[in-house]
Amino acid sequence: MARIAFTQAVLFDSVAGVLRPHATVVVQDELIVDVLFGDVRIDDARIVDVGGRTLMPGLIDAHVHVTSTVPDFMKLGMMPASLIAAQSKDIVEGMLARGFTTVRDAAGADHGLVQAIEQGYFQGPRLFIAGQAISQTGGHGDTRPIGVKTMMCTCAGLGMLGTIADGVGEVRRAAREQIRNGAHQIKVMAGGGVSSPTDPIDGTQYSLEELRAVCEEADAANTYVMAHAYSPKAIIRAVQSGVKSIEHGNLLDEAAAREMRRQGAWYVPTLATYDSLAREGASLGWPQAMLDKLDRVKARGLEAIRIAHAEGVPIAFGTDLLGTMHDDQSNEFTLRAQAMGAAAILQGATSIAARMMGQEGRLGVVAPGAIADLIVVDGDPLADLSLLQQQGAHLPVIMKAGRWVRNRLG
Ligand SMILES: [Zn+2]
């Protein structure tokens with residue numbers, strides 16, 4: 001029975017979005033068992049004096065691709081799964097070192113990687129995987145350049161971002177296949193994308209019948225659907241079909257945000273990837289059509305967050321980075337600060353993301369009964385979000401499920 005008590009902490013209450021001073025948090029095995037305030041006496045526990053620093057839940061990134069070890073999807077599709085797995089080790093370790101104790105993979109990671117982390121082969125965040133994203137022919141998950149005639153492999157495979165399915169029967173089968181292979185949630189491509197060669201960014205993808213069928217299959221397996229969508233029309237069709245979270249959503253307007261709110265949907269913007277791609281996109285050898293699409297959505301990212309925030313849509317943290325750009329993950333915090341307050345941003349990376357993922361009370365909160373995923377920030381992140389940057393340099397403590405990832409407080 002290992003008991004650890006964090007004392008003299010300023011606790012970030014991720015539900016209320018406020019700091020609470022003079023807190024003591026007691027961890028036993030993998031759970032938080034007590035959260036106390038004021039002068040308290042703790043017996044039979046190892047004391048870790050936080051010294052007035054901020055103690056908060058481990059961070060959650062709700063849109064990552066841990067197997068996107070290179071930023072070129074065609075190349076990734078030709079790489080051996082074993083090599084991708086080996087390379088993804090650095091990516092998950094980097095995320096955990098930045099304080100992310102849970103991430104939601106938006107396509108690519110498989111059940112083997114979930115187990116590799118659980119069994120301790122890789123030090124990484126807890127993974128919630130989507131398996132392969134379900135895409136229509138010519139949709140965002142169809143990475144074949146124009147004119148390429150060969151069929152895409154629809155076999156499940158590490159690093160394979162998309163599987164192509166057309167028609168209600170095929171999309172049902174594709175959704176069931178992801179669930180059979182251990183997916184925690186289903187990802188569907190409901191509109192055009194930046195990194196796919198032939199689809200218009202403001203187009204819609206899939207018929208309403210197909211979208212509804214995917215959502216029905218997810219619901220039947222007690223899970224939900226996350227949808228890639230940019231345009232108001234694609235967003236509205238998706239949430240009206242039962243999609244729970246809208247990914248990227250850069251072109252959303254008031255009407256789309258209102259419909260998201262009405263349908264109880266979440267919004268997961270991913271500003272970090274556009275910011276990184278804008279710096280590195282040209283050197284990646286992307287064709288001009290893709291760079292043009294990138295410019296268009298990047299310019300609208302902050303405005304989309306302002307609109308959704310004003311309409312009261314819950315906004316979760318996401319980044320969507322690829323390859324070496326993963327180091328830019330925590331830039332998302334400061335990028336978002338131009339559109340919303342620090343407390344709401346941190347809630348998006350804790351309690352709000354957890355609720356979206358069906359993990360309310362279990363993850364993203366410091367409360368009795370929650371899993372002991374904790375970080376200590378050397379300073380006040382509400383006053384300075386950049387404390388979460390620099391690859392976790394300002395995080396003297398990182399704990400995942402009651403186990404030390406890092407403890408520099410002794
Ligand atoms: Zn993505």
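Two residues count as in contact here if their C-beta atoms, placed from the backbone, lie within 7 Å. By that yardstick, residues 24 or more positions apart account for 69% of the contacts in the protein chain with a separation of 6 or more. Keep in mind that this is a predicted model.

**Figure 1. The whole chain, with its 12 helices and 17 strands.** The radius of gyration of the protein chain is 21 Å, and the globule rule gives a close 22 Å for 410 residues, so the chain is as compact as a globular protein of that length. Boxed along the principal axes, the C-alpha atoms take up roughly 70 × 45 × 45 Å. Of the 410 residues, 56% are buried.

**Figure 2. Where domain 1 meets domain 2.** The chain splits into domain 1, made of 3–57 + 364–407, and domain 2, which covers 59–356. Their centres, taken over C-alpha atoms, sit 30 Å apart. The contact draws 23 residues from domain 1 and 25 residues from domain 2. On the domain 1 side, strand 5 and strand 16 each put in at least two of the residues that touch domain 2.

**Figure 3. The largest nonpolar core, with 131 residues.** Val25, Leu55, Val188, Val214 and Ile246 are the members that touch the most other members. Strand 1 (residues 3–13) gives the largest share of this core, seven residues. Both domain 1 and domain 2 give residues to this core, so it lies between them.

**Figure 4. Valine 214 and valine 188, two of those core residues.** Valine 214 is part of helix 5. With 28 other C-beta atoms within 10 Å, valine 214 is buried, since 20 or more is the mark for that. Setting aside residues up to four places away in sequence, valine 214 touches Ile134, Val171, Ala175, Ile186, Val188 and Val225. Swap the focus to valine 188, leave out its own neighbours within four places, and its contacts are Ala133, Ile134, Tyr206, Leu211, Val214, Val225 and Ala227. Valine 239 is 25 residues from valine 214 along the chain, and 12 Å separate their C-alpha atoms.

**Figure 5. Helix 6 (residues 232–240) and what covers it.** Seven of the nine residues in helix 6 are buried, so the rest of the structure largely encloses it. The buried ones are Pro232, Ala234, Ile235, Ile236, Arg237, Ala238 and Val239; yes, there's an arginine on that list. Among the elements covering them are helix 5 (208–220), strand 12 (225–229), strand 13 (245–248) and helix 7 (254–263). After helix 6 comes glycine 242, which has a positive phi, near 110 degrees.

**Figure 6. Strand 15 (residues 374–377), covered on both faces.** In a regular strand the side chains alternate between the two faces of the sheet. Here, Leu374 and Val376 are on one side, Ile375 and Val377 are on the other, and all are buried. Strand 15 pairs with strand 5 (residues 54–57) in the antiparallel sense, over four bridges. Strand 15 also runs antiparallel to strand 16 (residues 397–400), joined by three bridges. To find your way around, start from leucine 374: proline 57 stands opposite it, and its bridge partner in strand 16 is methionine 399.

**Figure 7. A three-stranded open sheet in the order 6-7-8.** The pairing in this sheet is parallel. Strand 6 (59–64) and strand 8 (126–128) are the edge strands, each pairing on one side only. On average, and ignoring direction, neighbouring strands are turned by 20 degrees against each other. Strand 6 and strand 7 (residues 100–105) are joined by four bridges. Leucine 59 is a handy landmark, standing opposite phenylalanine 100 in strand 7.

**Figure 8. Serine 88, a buried residue in helix 2.** Helix 2 spans residues 81–97. Serine 88 has 24 other C-beta atoms within 10 Å, which makes it buried. Its contacts, leaving aside neighbours within four places in sequence, are Val66, Thr67, Thr69 and Leu113. Leucine 211 is 123 residues from serine 88 along the chain, with 31 Å between the two C-alpha atoms.

How values were computed: Residues are numbered from 1 along each chain as its sequence is written. This is a predicted model: local features need pLDDT of at least 70, side-chain atom pairs count only at pLDDT 80 or more; totals for chains, interfaces and linings use all residues. A residue is buried if 20 or more other C-beta atoms lie within 10 Å of its own, exposed if 12 or fewer, and partly exposed in between; C-beta atoms are placed from the backbone. The radius of gyration is taken over C-alpha atoms; the globule rule is 2.2 Å times the number of residues to the power 0.38. A nonpolar core is a set of buried Ala, Val, Leu, Ile, Met, Phe, Trp, Tyr and Cys residues joined through C-beta atoms within 7 Å. Domain bounds come from an automatic or database domain assignment. Two strands pair if DSSP finds at least two bridges between them. Axes are lines fitted to C-alpha atoms, for helices over the stretch in contact, and angles run from 0 to 180 degrees between N-to-C directions.
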